[in-house]
Structure formats: C-alpha cells, structure tokens
Amino acid sequence: MAVTQIAIELGTSNTTIFLSGNGIVLSEPSVVAYSDKFLRAAGQRAKEMLGRAPEKTNVVCPISEGVIADAGAAAMMLSDFLARVVDRRGFPGRVRALLAVPCGLTEEERRDFEGVLLQCGIGEVVLVEKAICAAHGMGLPLMSPKGCFVADIGGGTADIAVISLSGIVEGCSICLGTQNMDRAVSRFILEKYNLEIGPLSTERLRESIGSLYENDVSTLTVNGTNNSDKSPNSVTVESRAVSRSVAPYYRRIAEAAESVINRCPPEICAQVLRSGLHVCGGGALITGLEDYIRSVLKLPAAVFADAQYAVISGAGKLLGDRKLLSDILNQN
Ligand SMILES: Nc1ncnc2c1ncn2[C@@H]1O[C@H](COP(=O)(O)OP(=O)(O)O)[C@@H](O)[C@H]1O
Ligand SMILES: [Mg+2]
C-alpha cells in the first residue's frame, strides 16, 4: 500500500503544504469562510471576504498566535487544502504527515494540532519545531555541534532558537508577529487621519512601504472610510509612519533573540555570535531588517531569500531523511 508523505505548516497567516516527490504544492492564507457549517471558501478567496462577507457567513482565521483557535474551522480549511493536493482515494490512514509547530507547546496544544489532522483523515503525524524546520530549509547544518541561530517571524509568532546536534539548545516562541504590527498600523492611521482602513489595505501598506530605515521616504495612498461620518476617503501615508508603528515589535523580537543567546552555554554562544542570526518567515521581508539586527544585536544577520518558504521546505526535506528525522524526534 503506497504511503503519501506530506509536510504541513499551519501558520497564523498562511498554510503551506509540501508533497513528497512534488515539493511545495500549496500556499494559501489561513482563512476559511463558512455558513451553516458548510464551507464557502478557504484560502485566498476567504481572505478577500474578510470584513465584506454577508451576515450569515463566518470568515474565520482558525490559527491564532501560532496555535489552533478554532479546531472545527481549522479542520474544514485544511480538508479543503488537502483535497486540492492529495489524491483522496488514498484516505484514510495512508497519509503520513510532518507538521511544523511553534516550540514550547503545551500537551493540550499538541493534541489540538493532532486532532485537527485526524479530523482531516491523517492518522499518522509527527510534530517538529518550526525553528528546526527553518534552519534545515535555510540550508544550515542541523547536526553540527557548532550550532546555528535562527528566527522565523510569522503572522502571530516569532520562533527563535539556537540549534545544535539536531536539537534546540535554547529557544522560545513569542506571541508576536506581522498581525500585531498590522493592528498597530491601522490604529495609527485611525488616530492620525481619523481614517478606518481594512486588513488588506493595512497589510499592503506594511508590505509596500514598511521599513526599518528611519530615513525611508516612500509613500503609499490607501483608501478607507472616515471614522466620523463613514464617508469614503483616502490618505497618502509615509513610510516613516508605518516604521514607527512596526519598529517596537522588531525591537521586542531582537530582545527575545538576545535573551535566547544569553541563556546559551558559552561555547555555543561564541560560535553563533560569529555566524550570526538567520532570519526567515514573511515578517523577515521588511526593508532593512538585516541592518537593523546588526545595529541592535551587534552580530551578523542574513534574511533568507525565500523567507516565507523556509519552514515548509525544511519540513519537506526532512520527509526524505528518516535518519535525521529520527535524531530530531529523539532529541526534542
Ligand atoms: N514582500 C513582503 N514584504 C513584507 N512582508 C511580507 C512580504 N511577503 C509576505 N509578507 C508578510 O508575511 C506575513 C506572513 O508570514 P508567514 O511566514 O507566512 O506567516 P505564518 O507562517 O505565521 O503564517 C504576512 O503578514 C505578509 O504581510
Ligand atoms: Mg510560518
């Protein structure tokens, strides 16, 4: 009986799936729309319904701060994604999954993830920390005793870890990501311009003109509604305004990285200070992050080119390396 092997990242913002032998086959926003328990849309189409759906349609982000917030909705969403990429005739019991998860999950949170996969017909699942998947995806040597230092900045969490000999030496997952930054940006626009903007406009603003360079002069015009009379209006926002809103979050991520380093044994600490911090996740794509880390943490920094896919490609590569995977599962 053929077994299909898949790797999944159920991220707060995006879900990605890697199918063994095929590579990354799906990347969709972690959003689902349903009414009367019936699926209306999942992924990009559901995301476009955020804030616009008819009254009877629920548009839900089932993953919050890195963990399952709504198991029923998560299962509905993931089932739809899986149906697009896996031959359903193979179900159940013939799909083996590796799920990338934040580090430091409670037993209950682990069971929630397993439960969602089980509801989708996947009975065999192993959980591997995102930081480990990210390091592998970025091509860093997991087995080496020298250690490597990684940060994955996602939608609702930042996972930071020092990894050596295929295990996490020190690490943390902090509940802070691009979604927190977006809330700060839209709050700022509301306070400064009395303009209410939707989540898609806020995200576009941060993605296009968000920067950690204080002298960045780019601008973007966004549409919204006047908060007093609800009339349509638009404003031109400067990069500096977005930067001021997001910078405190990058500062907190840098502080968390510093405390991970400070908890490391001195031998590894010296090594990783030399090789620096390797950053991935969509939140790493803000302009100026490498320079920002260099100046705040005083160590080398490299943002991975394919930042949003480091975790899933690392998780996918692990599917093909039973020896490394069993070492990792025995270490953690
Ligand atoms: N080019 C880009 N510039 C800035 N941010 C980006 C870019 N591409 C994607 N992102 C951000 O990446 C975030 C999602 O990151 P991701 O790693 O997929 O999160 P998660 O794994 O937690 O779901 C989104 O908030 C999106 O705005
Ligand atoms: Mg992620």
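This is a short conversation about how to read strands, a sheet, domains and a ligand site in a predicted model.

Visitor: Let's begin with the basics. How do strands of a sheet pair?

Guide: Strands of a sheet pair through backbone hydrogen bonds, and they can do so in a parallel or an antiparallel way. Look at the start of the chain for a case: strand 1 (residues 4-10) and strand 2 (residues 14-19) run antiparallel, joined by 5 bridges. One pair to find is glutamate 9 with its bridge partner in strand 2, threonine 16.

Visitor: And how many residues does the hairpin use to join strand 1 to strand 2?

Guide: That hairpin goes through 3 residues. Then follow the chain onward, as strand 2 also pairs with strand 3 (residues 23-29), antiparallel again, over 6 bridges. There, leucine 19 stands opposite glycine 23. The hairpin of strand 2 and strand 3 has 3 residues between the strands, and glycine 21 in this hairpin takes a positive phi near 90°.

Visitor: Is strand 2 mostly covered or mostly open?

Guide: Mostly covered: of the 6 residues in strand 2, 5 are buried.

Visitor: Which residue has a positive phi in the turn between strand 4 and strand 5?

Guide: That's aspartate 36, with a phi of about 50°, in a hairpin that leaves 2 residues between the strands. Strand 4 (residues 32-35) and strand 5 (residues 38-42) are antiparallel and share 4 bridges. Try spotting valine 32, whose bridge partner in strand 5 is alanine 42. Strand 4 also runs antiparallel to strand 6 (residues 58-60), with 3 bridges joining them. In that pairing, tyrosine 34 stands opposite asparagine 58.

Visitor: Now a sheet further along. What is the order of strands in the open sheet of 5 strands?

Guide: Read across it, the order is 13-12-11-17-18, and the pairing is mixed. Strand 13 (167-174) and strand 18 (301-303) are the edge strands, each pairing on one side only. On average, neighbouring strands of this sheet are turned by 15° against each other, ignoring direction. For one pairing inside it, take strand 11 (residues 148-153) and strand 12 (residues 158-164), which run antiparallel with 6 bridges. Valine 150 has alanine 161 as its bridge partner there.

Visitor: Which helix lies across strand 11, strand 12, strand 13 and strand 17?

Guide: Helix 7 (residues 239-263) does, running at about 25° to strand 12. Helix 9 (residues 289-297) packs on the sheet as well, where it touches strand 17 and strand 18, and its direction makes about 160° with that of strand 18.

Visitor: Let's zoom out. Into which domains is the chain divided?

Guide: There's domain 1 (4-132 + 312-331) and domain 2 (140-303). Their centres, taken over C-alpha atoms, are separated by 24 Å. Where they meet, 19 residues of domain 1 are in contact with 23 residues of domain 2. On the domain 1 side, helix 4 (130-137) and helix 11 (322-331) are the elements giving two or more residues. Helix 11 has the largest share, 4 residues. By class, that side of domain 1 has 7 nonpolar, 8 polar and 4 charged residues.

Visitor: Last stop, the ligand. Which residues come nearest to ligand 1?

Guide: Of the 17 residues around ligand 1, the nearest are Gly11, Ser13, Gly154, Thr178 and Gly282. The shell divides into 13 polar, 2 nonpolar and 2 charged residues. Domain 1 and domain 2 each give at least three residues to the shell.

Methods:
Residues numbered from 1 in each chain as written. Chains lettered and ligands numbered in written order. Predicted model: local features only at pLDDT ≥ 70, side-chain atom pairs only at ≥ 80, totals over all residues. Pairing = 2+ DSSP bridges. Near = placed C-beta within 6 Å. Nonpolar A, V, L, I, M, F, W, Y, C, P; charged D, E, K, R; others polar. Domains from an automatic or database assignment. Buried ≥ 20, exposed ≤ 12 C-beta atoms within 10 Å, placed from the backbone. Axes fitted to C-alpha atoms, helices over the stretch in contact; angles between N-to-C directions. Contact = placed C-beta atoms within 7 Å.
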